[in-house]
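Work through the exercises below with the sequence and the model side by side. Try each task before reading its solution.

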Amino acid sequence: PLHKFSCGRDVFDVPDIIEAISTAYDEDYDFIVAPMVHPRFRRNAAPGKEAPGSAAARGGPLTRSDLLLKCSQWANLVVGKVSRWVELDSPCASLRRDSEAAYLQELRWAT
């Protein structure tokens, strides 16, 4: 029997998700693997201590609008990845706490 496999293109910065998907298709990839949250929108776990530029300090959304693509496109064309700075096993308690909060927030957004 024949086995089908898919291959995705890992992208770091996605200013235009539709263009990123189109480029991946042009390069014969089936989907993209993209950060769920823009790398500069790091969050802090402690309320009231948001880092400058963080999503909470900006007062803006966590990430791009989910209305940019149809539900079926999100499900078939995009695999989300957790922020690169997340360190769930960090020996530093504050980084571990911030990482846990960010991880949970990103997973909730993705489901």
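**Exercise 1. Classify phenylalanine 12 by its accessibility, then place it in the fold.**

Step 1. Phenylalanine 12 has a relative accessible area of 45%, so it is partly exposed. The classes are buried (under 20% relative accessible area), exposed (over 50%) and partly exposed in between, with a 1.4 Å probe and protein chains only.

Step 2. Phenylalanine 12 sits in the loop between E1 and H1.

Step 3. Look for a distant partner in sequence. The C-alpha atoms of phenylalanine 12 and proline 35 are 6.7 Å apart, although 23 residues separate the two along the chain.

A note on the source: this is a predicted model, in which local features need pLDDT of at least 70, side-chain atom pairs count only at pLDDT 80 or more, and totals for chains, interfaces and linings use all residues. Residues are numbered from 1 along each chain as its sequence is written, and side-chain values use heavy atoms, with hydrogens and water left out.

**Exercise 2. Write down the order of secondary structure elements.**

Step 1. Count the elements. The protein chain has 4 helices and 3 strands. Helices (H or I, at least four residues) and strands (E, at least two) are DSSP runs, numbered from the N terminus.

Step 2. Read along the sequence. The pattern is β-α-β-α-α-β-α.

Step 3. Add the burial total. Of the 111 residues in the protein chain, 29% are buried.

**Exercise 3. In what order do the strands lie in the sheet, and which strands are at its edges?**

Step 1. The order is E1-E2-E3, in an open sheet of 3 strands with parallel pairing. Two strands pair if DSSP finds at least two bridges between them.

Step 2. Strand E1 (8–10) and E3 are the edge strands, since each pairs on one side only.

Step 3. From one strand to the next, the twist averages 25°. Axes here are lines fitted to C-alpha atoms, for helices over the stretch in contact, and angles run from 0 to 180 degrees between N-to-C directions.

Step 4. Count bridges. E1 and E2 are joined by 3 bridges, and E2 and E3 by 4.

Step 5. Follow isoleucine 32 in E2. Arginine 9 stands opposite isoleucine 32. Valine 78 in E3 is a bridge partner of isoleucine 32.

**Exercise 4. Is E2 covered or open on its faces?**

Step 1. Count buried residues. In E2, 5 of its 5 residues are buried.

Step 2. Split them by face. One side carries Phe31, Val33 and Pro35, and the other Ile32 and Ala34; all are buried, and both faces are covered.

**Exercise 5. Describe the largest pocket.**

Step 1. Give the volume. The largest pocket holds about 250 Å³ of space. On a 1 Å grid over the protein atoms alone, a pocket is an open set of points where a 1.4 Å probe fits, with protein on both sides within 12 Å along at least five of seven lines. Grid points are joined across faces, edges and corners, and the volume is the space filled by probe spheres set on the points.

Step 2. List the lining. It has 13 residues, and Met36, Trp74, Trp109, Ala110 and Thr111 lie nearest the centre. Lining residues have an atom within 4 Å of a point.

Step 3. Assign elements. Strand E2 (31–35), helix H3 (71–77), strand E3 (78–81) and helix H4 (93–110) each give two or more residues to the lining. E3 gives the most, with 3 residues.

Step 4. Sort by chemistry. The lining has 9 nonpolar, 2 polar and 2 charged residues. Ala, Val, Leu, Ile, Met, Phe, Trp, Tyr, Cys and Pro count as nonpolar, Asp, Glu, Lys and Arg as charged, and the others, Gly among them, as polar.

**Exercise 6. Compare two residues of the loop between E3 and H4.**

Step 1. Tryptophan 85 lies in this loop, and so does leucine 88.

Step 2. Tryptophan 85 is at 15% relative accessibility and therefore counts as buried. Leucine 88 is at 38%, so it is partly exposed.

Step 3. Check C-alpha distances. Tryptophan 85 is 9.9 Å from aspartate 98. Leucine 88 is 8.3 Å from tyrosine 103.

**Exercise 7. Where does aspartate 28 sit, and what is its phi?**

Step 1. Aspartate 28 is in the loop between helix H1 (17–26) and E2.

Step 2. Its phi is near 70°, a positive value in a residue other than glycine.

Step 3. Aspartate 28 is exposed, because its relative accessible area is 69%.
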